[in-house]
Amino acid sequence: MSSSSSSPIVQHISECYIKPLYESEESKKPVYLSSWDLAMLSVHYIQKGLLFTKPSSFNLNLFLQKLKESLSLTLVQFYPLAGRLSTLKQENPPLYTVFIDCVNTPGARFIHANLGLTINDILSPKDVPLVVQSFFDHDKAINHDGHELSLLTIQVTELIDGVFIGCSINHVLADGSSFWLFFNSFSEIVKANNNGQKQNIQPIHNHWFPKGHGPIINLPYTHHNQFTSRHEAPNMRERFFHFSAESLKKLKAKANIECNTTKISTLQALSAHMWRCITKVRKFPSDQMTSCRMAINNRARLDPPLPQEYFGNCIQTVRGNATAGEVLEHNLGWAAWKLHQAVINHNNKEIREWVEKLESGMVYQMGFFDPCSIMMGSSPRFDMYGNEFGLGKGVALRSGYANKFDGKVSLYQGIEGDGSMDLEVCLLSEFMASLESDEEFIDSLSS
């Protein structure tokens, strides 16, 4: 990511902690975590946020006060986000688990910061400026750090002509669906101008366990050093690429025609396209095994299904595997069909078998991602630009340092709202340079 030693830095002006406006009996109980949640203990927080144009009659102090009051009201329903992680352990019989303590906590963190740059300074460079990482709290923190750090931080950074609202949530508490459920609710409360109206969204905090399991999952450890690690991302470039709705329709049609089917989705076609383009610029030997991994929501795939309001982690990845030679020698449809098969074969039985593996104490580690793979994360289905906070529609979405590595591609809703998408692509410098000059890739961006 581009940076300059002379660039202005983000200055923290003030901070405070916010608790739910009022408590319920439920919010005083410990929240026990599922194996999906506990598996996230050694990865990073989720860091996403929106950049807004500063309104002409903007009163910063009034705006900050409104956000703080709205956050307190939002936390009534999303009370675990005001908690802290806590470890429960005993020797006889052996027990080690992590849960959310919603009582012994100062609350969620709220930061007011300032940066002497303009919106154009942030959006005009080809690569995402390094300073964007400072728009978020919990830089490089892993989720286990939530024993001492807040589980949620809202950071409001005022620019010369803009405002960035950054949200950082501990990934043990939330996957992408839950992150945006909270962010959408927070924005709606701000929009309602704190009139105390009842929230329409009721998050479900009872975590899912297979029958006969839970609510306490005993991990096979005696100390957190046995399952946590720190991962320093290599020097990478990070760029946004915009796919118009028309260009995505063309990719989908091409993949389906090449497979003589109508079943391949836009996301599957786009993921296959990125798999082929990135494999090409990496110049692997033809026999090198590669894969394209896709984050997938398990809520509707479980039997019985979980509601979309289920608050927690309910995701895993599916993938297509092939050698570099196979990926490049075959057409787009061939790669897309592999991904389509991976998605349709991901069912209730597969999910429950994976949960059994997780219950052995598996904790994901950031440093072990396959450098021959790509990972498609986030989702354009999330309502991102609907979050206006009384400022009007945002001008851009950005993310922090967290959970990035060579080959990570994040999918975001296009600002037009017409089915277009923005892809946040992280690659080593030489691979990004090749991707930028690849005619097939550049041609695919426009219709």
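# Exercises on salt bridges and cores

Glu353 forms a salt bridge with Lys349, with 2.9 Å between the closest N and O atoms. The model used in these exercises is predicted.

**Exercise 1.** Explain how Glu353 and Lys349 are placed along their helix, and classify each by exposure.

*Solution.* Step 1: both residues belong to helix α9 (residues 348-358), and because they are 4 residues apart, about one helical turn separates them. Step 2: exposed means over 50% relative accessible area, and buried means under 20%. Step 3: Lys349, at 55%, is therefore exposed. Step 4: Glu353, at 36%, is partly exposed.

**Exercise 2.** Locate the partners of the salt bridge between Lys280 and Asp438, and state which exposure class each belongs to.

*Solution.* Step 1: the closest N and O atoms of this pair are 2.8 Å apart. Step 2: Lys280 is in helix α6, whereas Asp438 is in the loop between α10 (429-436) and α11 (439-445); the pair links distant parts of the chain, 158 residues apart. Step 3: Lys280 is partly exposed, with a relative accessible area of 37%. Step 4: Asp438 has 8% and is buried.

**Exercise 3.** Do the same for Glu232 and Lys140.

*Solution.* Step 1: their side chains form a salt bridge, 2.9 Å from N to O. Step 2: Glu232 sits in the loop between α4 and β9 (236-243), and Lys140 in the loop between α3 and β7, 92 residues apart. Step 3: Glu232 is exposed at 53% relative accessible area, while Lys140 is partly exposed at 36%.

**Exercise 4.** Describe the surroundings of Thr279.

*Solution.* Step 1: Thr279 is in helix α6 (residues 266-282). Step 2: with a relative accessible area of 2%, Thr279 is buried. Step 3: a polar atom of the Thr279 side chain lies 2.6 Å from the backbone oxygen of Trp275. Step 4: leaving aside neighbours within four places in sequence, Thr279 contacts Phe284, Thr290, Ala324, Val327 and Leu328.

**Exercise 5.** Work out where the largest nonpolar core lies relative to the two domains.

*Solution.* Step 1: this core has 82 residues, of which Leu152, Ile154, Ile165 and Phe182 touch the most other members. Step 2: several helices and strands each supply at least two residues, including β7 (152-158), β8 (162-169) and α4 (176-191). Step 3: α4 gives the most, with 7 residues. Step 4: domain 1 (11-226) and domain 2 (236-444) both contribute residues, so the core lies between them. Step 5: apart from this core lies another, of 40 residues, among them Phe243, Ala272, Val327 and Phe441.

Conventions. Residues numbered from 1 in each chain as written. Predicted model: local features only at pLDDT ≥ 70, side-chain atom pairs only at ≥ 80, totals over all residues. Heavy atoms only, no water. Core = buried A, V, L, I, M, F, W, Y, C linked by side-chain atoms within 4.5 Å. Buried < 20%, exposed > 50% of the residue type's maximum accessible area, 1.4 Å probe, protein only. Domains from an automatic or database assignment. Polar contact = N/O pair within 3.5 Å; in protein donor to acceptor, adjacent residues only side chain to side chain. Contact = heavy atoms within 4.5 Å. Salt bridge = Lys/Arg side-chain N within 4 Å of Asp/Glu carboxyl O.
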